[in-house]
Amino acid sequence: MTSIKGPAPAPTSFPGSEKLRIGIVHARWNSEVIEPLVKGAVESIVKAGVKPENIIIDSVPGSWELPIGTSRMIAGSQIQASSNANDLMGGATSLLDGEASTTTPTTPKKSSGPLDAVISIGVLIKGQTMHFEYIAESCCQGLMRVGLDTSVPVILGVLTVLTEEQALKRAGVGRQDGDKGHNHGEDWGFAAVEMALKTGKWAAGQLE
Ligand SMILES: Nc1c(NC[C@H](O)[C@H](O)[C@H](O)CO)[nH]c(=O)[nH]c1=O
Ligand SMILES: CC(=O)[C@@H](O)COP(=O)(O)O
C-alpha cells in the first residue's frame with residue numbers, strides 16, 4: 001500500500017519573498033547528511049524568491065548547540081539591523097558624541113535587516129547510549145522555545161533517526177533498495193519562507 005504520509009505540496013508563489021532574510025544554522029555532526037539537507041534548503045528558499053545573498057548560513061559543533069546558535073543568530077541580526085539603521089541616519093552615535101559624522105549613507109545591496117526565519121539543521125543518529133534521547137528532546141524543546149520567545153519562526157530541521165540509512169534517505173541520498181528517499185531540507189526551505197511571510201503579515205495586523 002502506498003503511504004499517505006507527507007507534507008502537502010508547497011505553495012507555488014511567495015509574494016514579498018524578495019525582501020526576506022533567512023538564516024540557516026546547522027550542526028557539523030554527521031556532515032554527509034547535513035550537506036545535502038543544507039543544499040536542499042537553500043535551493044527551495046531561492047526557488048521561493050529569496051535572494052541568495054539574503055540567506056545567511058552558519059554552523060555549530062552539534063545539535064546540542066543548535067538552540068543557543070539559533071537564538072544568538074537571531075539576536076545578532078537584530079543588533080546588525082539597528083546599527084545599520086543608525087549608520088543610515090548618518091552615524092547617530094558620533095552625533096550624540098558631538099562629532100561630525102564621516103559616514104556616507106549608502107543603501108546596502110544585500111539585506112542587513114533582522115532575520116525573518118531561521119532553519120536549524122541537525123542530524124541525530126541513535127548510538128549505544130542514552131546520549132541521543134537527551135540531545136533530541138532538549139534540542140527540539142529548546143528550538144521551540146527560541147521560536148516562541150523571539151517570535152521569529154524557527155523551522156525544525158533536526159532529523160532524529162535510528163539508523164544511518166534512515167538519515168540518508170531523509171536527505172535524499174539513500175543508498176539501499178534503489179530508493180534515494182526525499183530531501184527534507186527542501187520542505188524546510190519552503191516552510192521558512194511561508195512562515196516568514198505569514199508572521200510578517202500577522203505582525204502588521206493583516207489577517208486574510
Ligand atoms: N551524537 C550526536 C551529536 N553529539 C554532539 C552534541 O550535539 C554536542 O555537540 C556535544 O555534546 C558538545 O556539547 N550531535 C549531533 O548533531 N548528532 C549526533 O548524532
Ligand atoms: C558523545 C557521547 O557521549 C557518546 O559516548 C555517545 O555515544 P552513543 O552515540 O553511542 O550513544
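Visitor: Which strands does α1 lie across, and what makes its direction differ from that of β3?

Guide: First, note that this model is predicted. α1 lies across β1, β2, β3 and β4. Its angle to β3 is about 155 degrees. Angles run from 0 to 180 degrees between N-to-C directions, so about 155 degrees lies towards the 180 end of that scale.

Visitor: What makes you say that α1 has the expected span?

Guide: Compare two values. α1 has 17 residues and reaches 24 Å from its first C-alpha to its last. At 1.5 Å a residue, 24 Å is expected. The reach is therefore close to the expected span, which is 1.5 Å times one less than the number of residues.

Visitor: Why are V33 and I34 of α1 called buried?

Guide: The cut-off is 20 or more other C-beta atoms within 10 Å of a residue's own. V33 and I34 are among the buried residues of α1, so each meets that cut-off. L37, V38 and G40 are also on the list. The cover over these buried residues includes β1, β2, β3, β4, α5 and α6. Just after α1 comes G49, with a positive phi of about 105 degrees.

Visitor: How do you know that β1 and β2 pair?

Guide: Count the bridges. Two strands pair if there are at least two bridges between them. β1 and β2 are joined by 6, so they pair. They run parallel. One bridge links I24 to its partner I57 in β2.

Visitor: What is the strand order in the sheet, and why is one side of β2 left without a neighbour?

Guide: The sheet is open, with 4 strands in the order β2-β1-β3-β4 and parallel pairing. β2 (55-60) and β4 stand at the edges with a single partner strand each, so one side of each has no neighbour in the sheet. Ignoring direction, neighbouring strands are turned by 15 degrees against each other on average.

Visitor: Where does α6 lie, and what do its buried residues pack against?

Guide: α6 lies across β1, β3 and β4. It runs at about 155 degrees to β4. Its buried residues include W188, F190 and L197. They pack against β1 (22-27), α1 (31-47), β3, β4 (154-161) and α5 (164-170). After α6 comes G205, whose phi is positive, near 75 degrees.

Visitor: How many residues does α6 have, and what makes its reach the expected one?

Guide: α6 (residues 184-203) has 20 residues. It reaches 28 Å, close to the 28 Å expected at 1.5 Å a residue.

Visitor: Why does the shell around ligand 2 count as 1 nonpolar and 4 polar residues?

Guide: The shell holds G127, Q128, T129, H131 and F132. Phe counts as nonpolar, so F132 is the nonpolar one. Gly counts as polar, so G127 joins the polar residues. The shell has no charged residues.

Visitor: What makes up the shell around ligand 1?

Guide: That shell divides into 8 nonpolar, 5 polar and 1 charged. Of its 14 residues, A27, W29, G62, S63 and W64 come nearest. β3 (117-125) and α4 (131-150) each supply at least two. β3 gives the most, with 4 residues.

Visitor: How many helices and strands are there, and what pattern do they follow?

Guide: The chain has 6 helices and 4 strands. Along the sequence the pattern is β-α-β-α-α-β-α-β-α-α. Buried residues make up 37% of the 208 residues.

Methods
Residues numbered from 1 in each chain as written. Chains lettered and ligands numbered in written order. Predicted model: local features only at pLDDT ≥ 70, side-chain atom pairs only at ≥ 80, totals over all residues. Near = placed C-beta within 6 Å. Buried ≥ 20, exposed ≤ 12 C-beta atoms within 10 Å, placed from the backbone. Contact = placed C-beta atoms within 7 Å.
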